[in-house]
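Subject: Structure for your files

Hello,

Here is the structure you were waiting for. My notes on it follow below.

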Amino acid sequence: MKPVLLFACLTLSATRIGLAHPEHEFMAGLTAPSPATVLLITPPELAEAWKPFAAWKKQIGKPVRILSTRQIAERYEAPDLQEKIRRCIRNHTDHLGTRWIILGGDSRENGTGGVPDRDTLHRTKSGDYDAVPTDIYYLSKKDWDSDNDGIYGEWEDDRESIDYPDGDVGLGRIPVRTAEDVRAYTNKVIAYESGYPGSDFATSMAYTSSVPSALDALQTDWDTHLSKVLKGGLVRHLSSGQQNAKPFNSANWINLINGRESGKIHMHGGGLHHGWLLEDGTVITFSHVAQLRNEGAYPFITTTSCFTGEFDRGEDPSIGESMIRHPKAGAIAIVAPSRDGRQDGTHLSMTRFWEHG
Ligand SMILES: [Ca+2]
Ligand SMILES: [Ca+2]
């Protein structure tokens with residue numbers, strides 16, 4: 001989602017568009033419509049570990065088909081694994097009734113790793129990024145490389161094959177690396193879906209900010225958007241400049257989560273791959289995540305903080321991944337920037353996420 005939502009030539013022809021779903025590809029894949037509404041793609045070595053997750057989802061009416069990247073590589077024809085995965089996903093969403101896609105593995109730099117991302121080119125005011133992980137590519141009807149030069153998402157050369165999701169199918173990544181990660185996350189999902197805390201946790205939202213200039217916008221967000229979605233809900237703030245708020249320091253952040261009072265958290269301000277910047281310039285890191293004791297009350301977090309969602313770096317984990325993977329604590333899901341960007345634009349995306357998501 002650019003945030004990890006974050007997440008051509010002009011000679012593109014109808015023939016090429018048609019190649020996205022040739023009959024032989026459909027026939028080479030799984031051909032029968034399936035009751036599985038969820039497709040989970042995993043590295044082969046984690047396929048077994050995902051079975052309890054699939055069993056739980058089946059129990060609540062969302063049957064899961066697990067496919068390993070090896071199976072996909074064998075069944076689909078395409079220039080590389082990412083394109084095989086995209087074709088597999090489109091096969092499932094177009095022909096097999098699949099509604100949700102889970103990328104059940106971590107990615108690494110340069111489009112490698114257990115379930116690799118598709119790196120695409122993005123040109124921004126601060127320069128060119130040629131390797132922005134773009135998981136929405138996997139929902140695309142087209143392959144993002146019209147000119148066939150192996151560089152995906154070039155705005156001029158590939159424009160005609162850049163295609164965005166229409167919202168009918170959901171896709172997310174669970175960036176796990178080990179069977180232990182899968183077990184820990186499965187337990188959190190089962191807790192979240194079987195025993196979601198009631199009371200304030202369900203209807204309150206907490207905002208943290210290390211940037212005083214953002215406080216008015218955060219309050220406006222609540223007053224004009226989120227409070228209407230979370231009718232009867234409460235808002236909490238961690239930021240020194242906010243009235244009746246506690247300072248945004250590590251102790252208060254840990255208490256916010258361990259206190260199990262807000263199931264929705266938005267974090268505004270500076271960030272790094274390994275942590276969130278606090279008001280005093282210190283950083284919330286893995287050592288703070290290790291102090292969380294919020295078993296059974298896992299918040300959903302959005303954040304504008306740059307790089308906190310950089311799941312594809314060789315160095316691992318990012319702070320977002322730490323929050324997802326930590327057993328019996330941390331978060332159930334995070335929407336976070338995988339690179340840097342403009343705070344106001346990212347903030348708007350997150351507001352819309354809460355309002356419409
Ligand atoms: Ca290209
Ligand atoms: Ca990672």
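To begin with the cysteines: Cys306 counts as buried, because its relative accessibility is 15% and the cut-off for buried is under 20%. Cys88 is buried as well, with a relative accessible area of 0%. The structure holds 0 disulfides. Please keep in mind throughout that this is a predicted model.

Calcium site

The calcium ion (ligand 1) has protein donors 2.2 to 2.6 Å away from it. Side-chain oxygens come from Asp145 (OD), Asp147 (OD), Asp149 (OD), Glu154 (OE) and Asp158, which is listed with OD twice. Ile151 contributes its O atom. Along the sequence, the donor residues follow the spacing D-x1-D-x1-D-x1-I-x2-E-x3-D. Two of these donors can be placed by accessibility: Asp158 is buried at 0% relative accessible area, and Glu154 counts as buried at 11%.

Aromatic rings

A search of the whole structure turns up 11 aromatic pairs. In one of them, Tyr137 and Tyr138 meet edge-to-face, with 5.4 Å between the ring centres and 65 degrees between the planes. Both residues are buried: Tyr137 has a relative accessible area of 0%, and Tyr138 has 0%. Tyr137 also forms an edge-to-face pair with Tyr152, at 6.1 Å centre to centre and 85 degrees between the planes. Tyr137 and Tyr152 are 15 residues apart, and each lies in the loop between strand S5 (127–133) and strand S6 (170–173). Tyr152 counts as buried, at 12% relative accessibility. Ring pairs join Tyr137, Tyr138, Trp144, Tyr152 and Tyr164 into a cluster.

Helix H12

Helix H12 takes in residues 343–356, which is 14 residues. At 1.5 Å a residue it should span 20 Å, and its end C-alpha atoms are 20 Å apart, so the two values agree. Which residues of H12 are buried? They are Thr346, His347, Met350, Thr351 and Trp354. These residues cover an arc of only 140 degrees around the axis, which means that they lie on the same side of H12. What covers the buried residues of H12 includes helix H8 (215–229) and the strands S7 (205–209), S9 (264–268), S13 (300–303) and S14 (333–335).

H8 also holds Thr220, which counts as partly exposed at 42% relative accessibility. Thr220 and Arg313 are separated by 93 residues in sequence and by 35 Å in space, C-alpha to C-alpha.

Backbone points

Three places in the backbone should go on your list.

- The peptide bond from Asp316 to Pro317 is cis, with omega near 5 degrees. Pro317 sits in the loop between S13 and helix H11 (319–325).
- Asn244 is not a glycine, yet it has a positive phi of about 60 degrees. Asn244 lies in the loop between strand S8 (235–238) and helix H9 (250–258), and it is exposed, with a relative accessible area of 79%.
- Arg260 also has a positive phi, near 55 degrees, in a residue other than glycine. Arg260 is found in the loop between H9 and S9 and is partly exposed at 36% relative accessible area.

Regards

Methods
Residues numbered from 1 in each chain as written. Chains lettered and ligands numbered in written order. Predicted model: local features only at pLDDT ≥ 70, side-chain atom pairs only at ≥ 80, totals over all residues. Heavy atoms only, no water. Donors = N, O, S within 2.8 Å, 3.2 Å for Na, K, Ca; no water. Buried < 20%, exposed > 50% of the residue type's maximum accessible area, 1.4 Å probe, protein only. Helix = DSSP H or I, 4+ residues; strand = E, 2+ residues; numbered from the N terminus. Expected span 1.5 Å × (residues − 1). Arc of directions from axis to C-beta. Contact = heavy atoms within 4.5 Å. Disulfide = S-S within 2.5 Å. Phe/Tyr/Trp six-rings, centres within 6.5 Å; stacked < 30°, edge-to-face > 60°.
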